[in-house]
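These notebook entries record what I looked up, one topic at a time. I began with the DNA and then turned to the contact between the protein chains.

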There are 2 protein chains.
Amino acid sequence: MDKQPSNTLSRILAYAEQECQARSLRLTPVRRRVLEMLVKHKHPVSAYQLLDELVEEGHKPAPPTVYRALDFLLEQGFIHRLATQNNYVACMHLGARHMGVFLVCKRCKKTVELLGENVRDTLTELADKNQFSLEEALVEVNCLCLPCRRQSEREQP
Amino acid sequence: MDKQPSNTLSRILAYAEQECQARSLRLTPVRRRVLEMLVKHKHPVSAYQLLDELVEEGHKPAPPTVYRALDFLLEQGFIHRLATQNNYVACMHLGARHMGVFLVCKRCKKTVELLGENVRDTLTELADKNQFSLEEALVEVNCLCLPCRRQSEREQP
DNA sequence: GTCTTAAACGTTATATCATAACATACGATA
DNA sequence: TATCGTATGTTATGATATAACGTTTAAGAC
């Protein structure tokens, strides 16, 4: 299972607060709440799932509210978007502007985010060779995690 | 500019026909036409663009027709989907089941597909370390191509 | 040839994801 | 406290994708 120590949430929120201060930006209640929800989830979640949760809490936001919060968090590097799934996930690597590399189990959706520095180097080199300059990259790896691989072997050996 | 020799289209279509025969599958008129349109386009295009073009030709297809053709072509490895852009693009690397690595210029949308074998190796290794087994991967690199980089330097040096 | 069957396609409706446009509220600062 | 930029609320709509079900088509069995 994913380990998520009880202090992870407060650590990430504190980091976000601090970064926003440093950048003269505001971590408003909506933005903070969306980040909080993303950290608490074990798996990537969709914008509309977040919207539903906000509605259950008594807020009555419309889609743009959530998307604006997500856009802000994405810009600041606090979260990532998994484009193949239209899902969003909190970034677990504080302090480093990095390229997200995501291992996603296609069965149980368990997701691991890696820093992938060597992937970045490889891609930068490839881009250079083709006269492109790398700005950023999305690497999503469709996988089976160990338990799911065993499970599927059991089902159809 | 992209080079696309006049025989590329027929080469790709011939390859697709041949592979379908070998796999006992049918490259039906819709599938063939969609593949043809994707090859002819210089840039990745959306499902609804393809739909519009079919309508202009006199067909009256609904969205499922196009999506079914795209799904078939994706499954057979004849095309790729760029998830960050909800776009589809013909595969230019015949004969090899490979991991697509896409360099996409964020200004002009010029797109280059690379085979990226060394990327695959790096990712396989990363996955193994985390007890995931790689099934397939999407690598989209947001770039500036040389002309666009020069252009943007001219605009805001 | 014609019967059977699975695959492909047509069609309607709807689900899902995302943003445009404009009005209102808020917060920093002069 | 007046001002102005930023953030949010609100309504509507655009863009992407699929469910469900009926009909057609192609390929092999007889």
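**Entry 1: DNA strand D**

Which element gives the most to the surface near DNA strand D? I worked on a predicted model, and in it I found that H4(B) gives the most, with 4 residues.

I then listed the surroundings of DNA strand D and found 17 residues. The closest are Thr28(A), Arg68(A), Tyr48(B), Tyr67(B) and Arg81(B). Of the atoms of DNA strand D that come within 4 Å of the protein, sugar and phosphate account for 49%.

Next I looked up individual side chains beside the phosphates. In Thr28(A), a side-chain N or O atom is 2.4 Å from a phosphate oxygen of DNA strand D. For Tyr67(B), I noted a polar side-chain atom 2.9 Å from a phosphate oxygen of this strand. For Thr65(A), the distance from a polar side-chain atom to a phosphate oxygen of DNA strand D is 3.2 Å. I also noted the elements that give two or more residues to this surface: helix H2 (29–40) and helix H4 (63–75) of chain A, together with helix H4 (63–75) of chain B.

I sorted the surface near DNA strand D by class and obtained 8 nonpolar, 3 polar and 6 charged residues.

**Entry 2: DNA strand C**

How many residues surround DNA strand C? I found 18, and the closest are Tyr48(A), Tyr67(A), Arg81(A), Thr28(B) and Arg68(B). Sugar or phosphate makes up 49% of the atoms of DNA strand C within 4 Å of the protein, and the rest belong to bases.

I looked up three side chains here as well. An N or O atom in the side chain of Arg81(A) is 2.5 Å from a phosphate oxygen of DNA strand C. Thr65(B) has a polar side-chain atom 3.0 Å from a phosphate oxygen of DNA strand C. For Arg31(B), a side-chain N or O atom is 3.2 Å from a phosphate oxygen of that strand.

At least two residues of this surface come from each of H4 of chain A, helix H2 (29–40) of chain B and H4 of chain B. The largest share, 4 residues, is that of H4(A). By class, I recorded 8 nonpolar, 3 polar and 7 charged residues near DNA strand C.

**Entry 3: The contact between chains A and B**

I looked up the size of the interface next. Such a size is often given as the accessible area lost when the parts come together. Chain A and chain B bury about 2,900 Å² between them, and 66% of this is on carbon and sulfur atoms. Each chain brings 34 residues to the contact.

How many salt bridges are there between chain B and chain A? I counted 2. In one between Lys106(A) and Glu135(B), the closest N and O atoms are 3.2 Å apart. I also recorded 14 residue pairs in polar contact between the chains, with both residues at pLDDT 80 or more.

On the side of chain B that touches chain A, at least two residues come from each of strand S3 (101–105), strand S4 (111–114), helix H5 (117–129), strand S5 (132–145) and helix H6 (146–155). S5(B) supplies the largest share, 14 residues. By class, this side of chain B has 21 nonpolar, 7 polar and 6 charged residues.

Finally, I examined how S5(B) is paired. Strand S5 (residues 132–145) of chain A runs antiparallel to S5(B), and 13 bridges join the two. Within this pairing, I noted that Asn142(A) has Glu136(B) as its bridge partner.

Definitions and conventions
Residues are numbered from 1 along each chain as its sequence is written. Chains are lettered from A and ligands numbered from 1 in the order in which they are written. This is a predicted model: local features need pLDDT of at least 70, side-chain atom pairs count only at pLDDT 80 or more; totals for chains, interfaces and linings use all residues. Side-chain values use heavy atoms; hydrogens and water are left out. Contact means heavy atoms within 4.5 Å. Buried area is the accessible area (1.4 Å probe) that two parts lose on being put together, summed over both. A salt bridge is a side-chain nitrogen of Lys or Arg within 4 Å of a carboxyl oxygen of Asp or Glu. A polar contact is a pair of N or O atoms within 3.5 Å; within protein, one must be able to donate a hydrogen and the other to accept it, and residues adjacent in sequence count only if both atoms are side-chain atoms. Ala, Val, Leu, Ile, Met, Phe, Trp, Tyr, Cys and Pro count as nonpolar, Asp, Glu, Lys and Arg as charged, and the others, Gly among them, as polar. Two strands pair if DSSP finds at least two bridges between them. A residue is near a molecule or strand if one of its heavy atoms lies within 4 Å of it.
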